[in-house]
Amino acid sequence: MEITRVLVVTAHPDDVDFGAAGTIAQFVDKGVEVTYLLVTSGDAGGNEREVDGAGMAELRRAEQAEAAKAVGVTDVRFLSGYRDGRVEPTIELRRDIARVIRQVRPELVITSTPERNYQFIGPGHPDHRAVGGATLDAVYPDARNPYAYAELADLEAWTVGEVWLLGGTSPNHFVDITDTIDRKITALTAHASQVGHREGFEEFVRERWSGIALKAGLGEGRYAEAFQVVPTA
Ligand SMILES: [Zn+2]
């Protein structure tokens with residue numbers, strides 16, 4: 001499958017950067033068009049924050065735009081009406097994601113796993129599971145079924161070829177990101193409201209993603225991101 005357009009659907013600012021920024025940088029370098037779709041603006045995030053939820057949402061939208069720029073992505077979209085910490089995989093959310101799938105027409109969609117991860121608590125955030133589930137449902141059947149939503153009738157149906165899930169317990173695809181780990185770190189540190197207080201954050205990132213490379217059999221001194229590929233064509 002030739003990949004010319006990628007759509008990443010996540011719940012919060014920073015999810016794509018933890019999960020896939022190194023891989024995204026490589027797609028951009030190859031001339032692939034990448035769109036980020038965020039369901040919330042992360043209004044419940046932050047650490048010792050001095051702003052309210054609306055202020056935090058504004059700050060985090062700006063941080064995500066800066067992080068995207070670090071890996072060459074300029075098309076960053078936010079849905080409105082969904083609150084950080086309260087996302088549910090509703091018909092409305094499926095429709096809103098299906099709309100963007102039909103607009104962008106990506107061969108590949110990257111999103112969170114809808115499964116609970118019992119090895120790490122972070123990937124199983126309820127918003128991540130809700131967004132992952134709604135996105136898979138938007139990929140199949142909603143975006144490809146021209147009769148799924150009357151309000152989307154003016155957008156041509158679109159069949160996504162593959163979905164790559166983030167944070168799953170059984171990854172089956174590893175991307176060597178050794179040449180883009182520095183840009184991943186730049187993207188992650190752009191989320192200053194989330195990671196600015198974490199001492200040794202860069203070391204943590206290097207350790208975590210070199211551990212994934214070792215697991216993938218890439219050897220010492222390499223970095224990798226992990227995905228579970230779901231064929232959806
Ligand atoms: Zn998140």
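User: Before we look at the sheet, when do two strands count as a pair?
Analyst: Two strands pair if DSSP finds at least two bridges between them. Keep in mind that this is a predicted model.

User: Ok, so what order do the strands of the open sheet have?
Analyst: The seven strands of this open sheet follow the order β3-β2-β1-β4-β5-β7-β6, and their pairing is mixed.

User: Which strands stand at the edges?
Analyst: Those are β3 (75–78) and β6 (173–176), and because each has a single partner strand, one side of each is left without a neighbour in the sheet.

User: How do β6 and β7 run, and how many bridges join them?
Analyst: They run antiparallel, with four bridges joining β6 to β7, which covers residues 224–231; in this region His 173 stands opposite Phe 227 of β7.

User: And which strands does helix α4 touch?
Analyst: Helix α4 (residues 126–142) packs on the sheet, where it touches β1, β4 (108–112) and β5 (162–166), and its direction makes about 155 degrees with that of β4.

User: Switching topic, what coordinates the zinc ion?
Analyst: The zinc ion is coordinated by His 12 through ND1, Asp 15 through OD and His 128 through NE2, at 2.0 to 2.1 Å.

User: Are His 12 and Asp 15 buried or exposed?
Analyst: His 12 and Asp 15 are both buried.

User: Last one: which residues have the most contacts inside the largest nonpolar core?
Analyst: That core has 37 residues, and those with the most contacts inside it are Val 6, Ile 24, Val 34, Tyr 36 and Ile 110. Its largest share, six residues, comes from helix α1 (residues 15–29).

Key
Residues numbered from 1 in each chain as written. Predicted model: local features only at pLDDT ≥ 70, side-chain atom pairs only at ≥ 80, totals over all residues. Heavy atoms only, no water. Donors = N, O, S within 2.8 Å, 3.2 Å for Na, K, Ca; no water. Buried < 20%, exposed > 50% of the residue type's maximum accessible area, 1.4 Å probe, protein only. Core = buried A, V, L, I, M, F, W, Y, C linked by side-chain atoms within 4.5 Å. Helix = DSSP H or I, 4+ residues; strand = E, 2+ residues; numbered from the N terminus. Contact = heavy atoms within 4.5 Å. Axes fitted to C-alpha atoms, helices over the stretch in contact; angles between N-to-C directions.
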